[in-house]
Amino acid sequence: MASKDAEPASEKMYRSISEVSDLLEVKPHVLRYWETQFHSLKPRKNRAGNRMYRPEEIKLLYTIKDLLYTRRFTIAGAKKTLNTEKKAPGGTLELGFKDATRKVTLTEVKDELTKLIAQLKEPPLKRRVLKS
């Protein structure tokens, strides 16, 4: 499922921009753009200067994607909605690490199942029978 040295999804504290872009199914430049527009989104950078996303930032990215792509908000509308939700008690942005990690894990499981289905739909390899 994952590479040998990769940590299990539930234990992974930080994810690279490429991992997050794969999870959200958006290009990395979109994530960088959202970072300039949504000031609550501030991923840490490692020594090499690469962005490293925590589970709560990934949860915020899922919310931003939902607002922009599914609910068709403008950037300004999404900002306003996020600010309103942040101020409201029990807002959707108050989910902790466990919920964000669960969402990431479920996405990874879904992706793996999709790959397995595609493999199962492929015709089996033709075997050659050797004549003696």
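**Close-up of R72 in the loop between α3 and α4.** In this predicted model, R72 counts as exposed because its relative accessibility is 67%, above the 50% cut-off for that class. R72 belongs to the loop that connects α3 with α4, the latter covering residues 75-87. Although R72 is not a glycine, its phi angle is positive, at about 60°.

**Close-up of E25 in the loop between α1 and α2.** The loop shown here follows α1 (17-24), precedes α2 and contains E25. The phi angle of E25 is near 60°, a positive value in a residue other than glycine. With a relative accessible area of 61%, E25 is exposed.

**Close-up of the aromatic pair W34 and Y69.** A search of the whole structure yields 1 aromatic pair. Its members are W34 and Y69, whose ring centres are 6.0 Å apart and whose planes meet at 70°, so the arrangement is edge-to-face. W34 is part of helix α2 (residues 28-37) and Y69 is part of helix α3 (residues 55-70); the pair therefore ties together parts that are 35 residues apart in sequence. The two partners can also be described by their accessibility. W34 is buried, its relative accessible area being 2%, whereas Y69 is partly exposed at 40% relative accessibility.

**Close-up of the salt-bridge network around R54.** The model contains 5 salt bridges by the rule applied, and two of the pairings, R54 with E56 and R54 with E57, are shown in this view. Between R54 and E56, the closest N and O atoms are 3.1 Å apart. Between R54 and E57, the corresponding separation is 2.8 Å. E56 is partly exposed, with a relative accessible area of 29%, while E57 is buried, with a relative accessibility of 4%. Through shared salt-bridge partners, R54, E56 and E57 are joined into one network.

**Close-up of the salt bridge between K115 and E112 in helix α5.** The side chains of K115 and E112 form a salt bridge with an N to O distance of 3.6 Å. Both residues lie in helix α5 and are 3 residues apart, so about one helical turn separates them.

**Close-up of the nonpolar surface patch at V109, L113 and L116.** Together, V109, L113 and L116 make up a nonpolar patch on the surface, with about 250 Å² of accessible area. V109 is located in helix α5, which comprises residues 97-121. The relative accessibility of V109 is 36%, so this residue counts as partly exposed.

**Close-up of residues 1-10, with the confidence of the chain for reference.** The chain has a mean pLDDT of 80, and 73% of its residues reach 70 or more. Confidence is highest in α2, at a mean of 96, and lowest in α5, at 75. In the stretch comprising residues 1-10, the pLDDT is below 50. Beyond near neighbours in sequence, residues 1-10 have 8 contacts in the model.

Notes. Residues numbered from 1 in each chain as written. Heavy atoms only, no water. Patch = residues over 30% accessible without salt bridge, like charges linked within 9 Å, V, L, I, M, F, W, Y side chains within 5 Å. Areas by Shrake-Rupley, 256 points an atom, 1.4 Å probe, with all protein chains shown as cover. Salt bridge = Lys/Arg side-chain N within 4 Å of Asp/Glu carboxyl O. Helix = DSSP H or I, 4+ residues; strand = E, 2+ residues; numbered from the N terminus. Buried < 20%, exposed > 50% of the residue type's maximum accessible area, 1.4 Å probe, protein only. Phe/Tyr/Trp six-rings, centres within 6.5 Å; stacked < 30°, edge-to-face > 60°. pLDDT = per-residue confidence, 0-100. Contact = heavy atoms within 4.5 Å.
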